[in-house]
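Visitor: I would like a close look at one part of this structure, the place where two helices pack against each other. Could you walk me through it and then show me its surroundings?

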Amino acid sequence: METFSTYDPEDFYDELIDAQGQPRPGAQLLVDKIESLPNGDLALRQKAAEALLLKMGITFNVYGREEGTEKIWPFDIIPRIVSADDWQQIENGLKQRIFALNEFLQDIYNTKKIIKDKIIPEDLIFSSRTYRKACEGFTPPRGIWCHVTGTDLVRDSDGCVYVLEDNLRCPSGVSYVLENRQVLKRTFPQVFEASHVRPVDDYPSKLLEMLEHLAPDHVVSPTIGVLTPGIYNSAYFEHSFLSQQMGVELVEGQDLVVDNGCVHMLTTKGLKRVDVLYRRIDDDFIDPEVFRPDSLLGVKGLIGAYKKGCLALANAPGTGIADDKVIYAYVPAIIKYYTGEEPILPNVPTYICRNDDDRKYVLEHLDELVVKAANESGGYGMLVGPHATAKERADFAEKIKAEPRNYMAQPTISLSRVPTIVGDRIEGRHVDLRPYVLYGKDIYVQPGGLTRVALPKGSLVVNSSQGGGSKDTWVL
């Protein structure tokens with residue numbers, strides 16, 4: 001196998017190799033190790049890692065694919081390395097951002113000060129599909145709305161880290177971070193030890209601690225459940241993995257009942273009261289009495305029990321408004337408004353299609369921009385202008401004209417790359433990073449996160465539902 005001697009970072013920022021072809025600080029040990037392997041050994045290690053993932057049952061579901069729903073999680077054994085200094089800035093920036101977004105959620109569902117002060121246009125909030133009238137006038141337990149956040153970060157060719165989007169509803173992927181680490185520790189054990197990589201495996205205990213923090217004061221040992229839509233959900237592996245790691249119940253809507261204003265679990269010994277639910281079901285489906293009446297996944301009366309203080313929910317219903325992709329453009333102003341500070345991590349420049357000038361610019365420059373729908377996720381509902389056909393661009397232009405509020409656009413970021421095994425070569429592939437942030441007694445940022453890789457050559461779409469893979473992330 002060719003190694004780094006012929007590796008070309010091209011014009012992109014490479015996370016392991018600098019523009020002169022030298023390993024970045026902290027990457028020397030790994031590069032030396034890979035260079036020193038006997039011919040064919042790296043490919044064997046990659047195959048062994050894939051066999052281990054299969055044996056551990058690490059899969060994800062892809063809807064609407066002919067070859068069956070479950071796929072082996074695509075994983076590349078060359079890790080991404082993040083220096084301690086870079087990480088410090090990322091961690092500080094995420095803590096600042098999540099704190100401000102939480103203040104924003106509390107404000108818009110209560111006093112609405114930010115709207116009265118005209119920092120955000122009122123119609124933007126109330127026209128969002130994810131704004132929940134049912135949450136108005138409500139303060140969740142401990143005043144925390146966004147208990148678990150997955151924030152997507154990208155690095156541009158200038159080396160600067162930007163926030164691409166916030167995910168505050170039911171962000172998934174953290175189980176893969178934990179499993180990737182188990183596999184990588186076995187793949188390069190000496191290099192891992194010698195590189196002083198910060199651990200990620202205390203995440204389940206931190207998650208449990210955060211969930212316990214939400215329980216009502218009088219409850220000494222709270223009963224906690226992970227609420228899953230069931231085995232057909234694309235992240236079901238993660239739901240069962242996390243409940244098993246935390247030692248809590250994995251429940252579906254049909255296992256729960258509201259009795260006497262409180263939520264109970266049906267057990268072989270009768271009803272057992274539940275105090276905290278880490279829910280992995282979207283707002284729409286969580287309670288047919290309040291949201292979608294046709295939902296079979298949720299629990300009748302759940303929101304009533306929640307509002308009464310009988311139950312804590314993580315994340316709180318209503319958080320989706322803060323990850324609306326149009327509200328995203330206002331997050332720097334939100335940070336400034338609630339903290340008085342400049343954002344530590346900048347946003348990617350954003351055009352809002354409901355603004356006439358922005359919309360005109362977007363429609364004239366569709367071949368240069370990435371356009372996203374406000375409430376879609378998983379890489380759906382987006383147009384990557386430079387890679388789209390003229391017809392796709394024309395069709396998308398009609399969608400924007402028909403519903404301008406629902407679209408925003410950004411310049412195409414030349415995402416940084418990491419060396420990746422492609423057949424018998426090492427080639428650069430584009431990556432992003434999704435760190436996971438927990439908000440309980442304090443704000444905890446897991447050191448690392450999910451590095452997602454766009455596996456097809458030249459692709460910028462990293463979502464696993466769109467053929468992306470992942471790498472272990474080493475924070476030194």
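Guide: Happily! Let us begin with a term: a crossing is called right-handed if the near helix is turned clockwise from the far one by less than a right angle, and left-handed if anticlockwise. Please keep in mind that this is a predicted model.

In general, two packed helices are described by the angle between their axes and the distance between the axes. Here, the axes of helix 2 and helix 6 (residues 174-187) come within 10 Å and cross at roughly 145°. This crossing of helix 2 and helix 6 is right-handed. Helix 2 contributes Arg45, Ala49, Leu52 and Leu53 to the contact, while helix 6 brings Val183, Arg186 and Thr187. By character, the residues of this contact are four nonpolar, two charged and one polar.

Helix 2 (41-55) also has a part to play next to helix 1, as one of the elements that cover the buried residues of helix 1. The cover also includes strand 3 (75-82), helix 7 (189-194), strand 18 (425-434) and strand 22 (469-475). In helix 1 (residues 28-36), the buried residues are Leu30, Val31 and Ile34. They span an arc of only 95° around the axis, so they lie on the same side of helix 1.

Now for the wider setting. The chain has 14 helices and 22 strands, and 55% of its 476 residues count as buried. Among contacts with a separation of 6 or more, 68% are between residues 24 or more positions apart. The chain's radius of gyration is 23 Å, which agrees with the value near 23 Å for a compact globule of 476 residues.

Terms used:
Residues numbered from 1 in each chain as written. Predicted model: local features only at pLDDT ≥ 70, side-chain atom pairs only at ≥ 80, totals over all residues. Heavy atoms only, no water. Buried < 20%, exposed > 50% of the residue type's maximum accessible area, 1.4 Å probe, protein only. Helix = DSSP H or I, 4+ residues; strand = E, 2+ residues; numbered from the N terminus. Arc of directions from axis to C-beta. Contact = heavy atoms within 4.5 Å. Axes fitted to C-alpha atoms, helices over the stretch in contact; angles between N-to-C directions. Nonpolar A, V, L, I, M, F, W, Y, C, P; charged D, E, K, R; others polar. Rg over C-alpha atoms; globule rule 2.2 N^0.38 Å.
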